[in-house]
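I opened my notebook to look up a few things in this structure. My notes follow in the order I made them.

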Amino acid sequence: MRAALSTLEVSRPRDLAHALKLMQVAPGAERPTPLAGGTDLLVYLNAGAHAGLRFVDLWGLRELRGIRTGREGARLGALATFSEIREHALLRRRLPALVAAAAEVGGRQIQNRATVGGNVANASPAGDSLPALMALDATVHLRSVRGERVIPFASLYRGYRDLALAPDELITAVAIPFPPPRSRQFFRKVGTRRAQSISKVVMAGVLRLGRDGRVDHVRLAWGSVAPVPLRAGRAEAALSGVAPSPAAAARARAALMDDIAPIDDIRSDRDYRLAVAGNLLEQFLRAADPRFAHARGR
Amino acid sequence: MTSRATLTFTVNGRRRRVTVPPMKRLLDVLRDECRLPGTKEGCGEGECGACTVLIDGRTVNSCLVPAVQADGAVIRTVEGLARGPGLTALQQAFVAMGGAQCGICTPGILLSAHELLARSRGRVPGDPEVREALAGNLCRCTGYQKIVDAVRAAARSARPASGVRRRARPAAPGARRAGAKRRPAGKKLRRRTR
């Protein structure tokens, strides 16, 4: 397997424009695989599980680096690493769910190398940052020689590891609007241990109570419970516009069971995942407002 | 067909130039081309941390870094941790407190702990913080408690001369060259490794 590594070809573009040109190949020719931090791709290569022979190394492209913030939100360059995300003072304040996700991706060695763009492109249903990006209404910025395109994160995955990207498109950035003031954010990953393990269930949530005491903003996003990272639309609908109560939490939990479709696999099984997903939802609601757990907030 | 690339980088203060397949693992380049066998291979898939090295002051799993991405980088392996004739405070603490058993995980753990101490700049990290910082390094002898104790002891005793506390922030560009200048001869390094 490893001997085959010596036959692989890597192009090293000077800048983004050059990289986009390299991504443009004749019909029938092999689409080169973009290489960012390599923490997923090298695992596939070392295991002999990646068929591609051509790579475009994006690591040196300054245009894809850095985290920019403004009043309205943050723009993460595709090559922003999870260490950069978890160490960013403003993101820690405004996007704690994303920061929590970044802090639980692999271990430090992985976080120093793994990028947000790579996590999105790898499209694993268990990708740790993906539910956080989804719950935070992220958009994904794409570029090709043909131009720029922005797509909502929620419509990025068409099916299992199937991205709505043209073959010549590269992810250049992920933009995240700051959630409305006073909203509560949540992230929780359940695996065999906190670091390194691949999630059995992973969830991110955002919830806000309006001035009238009713839920006026809710996002519930999940990983490892379906072929793609997914928003729990029915559970969100069950919570929208309602006042916190144990009955509301129970209705949301019941609705969630119709949103998700976990499977039995090497890491866990369907029944466990359904139970844990329900528990995580209740944990989030309880943390967001104690009245979800007890009628009078004992 | 074999593709090759000529790459230049600094390892433990010494400039290196290698011609290797661009997707060759940095781990193999360090062990084969640079003859630095202190960096170990464990799982080969980024889970165990045995192959941890520093690139520009940050820990990475060298089994997951293609050689091509090391071009221009400043790399530090366990052989380059100590700068003087002795061991660093961190290494001494591992010896004194039984922080190493079979030793396979030790080089990687030393580098992860080194990064933690550089990050905490003189502050003694708490037990949970050390455990979190070392979470990407597995010890199959399961000697974790003594490892954590050794890291905290090193943080308490860190002296500027040890080369542990005085490291500037890992990503600071100034910090890279400082190491390179201070130790021109790479051949001295190996002697110090037991």
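**Entry 1: two strands of chain A**

I started with strand S6 (residues 139-144) of chain A, which pairs with S7(A) in the antiparallel sense over six bridges. I kept in mind that this is a predicted model.

Next I asked what joins S6(A) to S7(A). I found a hairpin, and it runs through two residues.

Then I picked one residue and looked across. A:Leu142 stands opposite A:Arg149 in S7(A).

Is strand S7 of chain A buried or in the open? I checked residues 147-152, the six residues of S7 of chain A. The number buried is zero, so this strand lies largely in the open. For this step I needed the cut-off: a residue is buried if 20 or more other C-beta atoms lie within 10 Å of its own.

**Entry 2: two domains of chain B**

I moved to chain B and looked up how it is divided. Domain 1 covers 5-80, and domain 2 covers 89-167. I noted that the C-alpha centres of these two domains of chain B lie 21 Å apart.

How many residues does each domain of chain B give to the contact? I wrote down 15 residues from domain 1 and twelve residues from domain 2.

**Entry 3: the domain 1 side**

I stayed with the side of domain 1 of chain B that touches domain 2 of chain B. Strand S3 (52-55) and strand S4 (58-61) of chain B each supply at least two residues of this side. S3(B) gives the largest share, three residues.

Last, I sorted the residues of this side by kind. I got six nonpolar, seven polar and two charged.

Technical notes. Residues numbered from 1 in each chain as written. Chains lettered and ligands numbered in written order. Predicted model: local features only at pLDDT ≥ 70, side-chain atom pairs only at ≥ 80, totals over all residues. Domains from an automatic or database assignment. Contact = placed C-beta atoms within 7 Å. Helix = DSSP H or I, 4+ residues; strand = E, 2+ residues; numbered from the N terminus. Nonpolar A, V, L, I, M, F, W, Y, C, P; charged D, E, K, R; others polar. Buried ≥ 20, exposed ≤ 12 C-beta atoms within 10 Å, placed from the backbone. Pairing = 2+ DSSP bridges.
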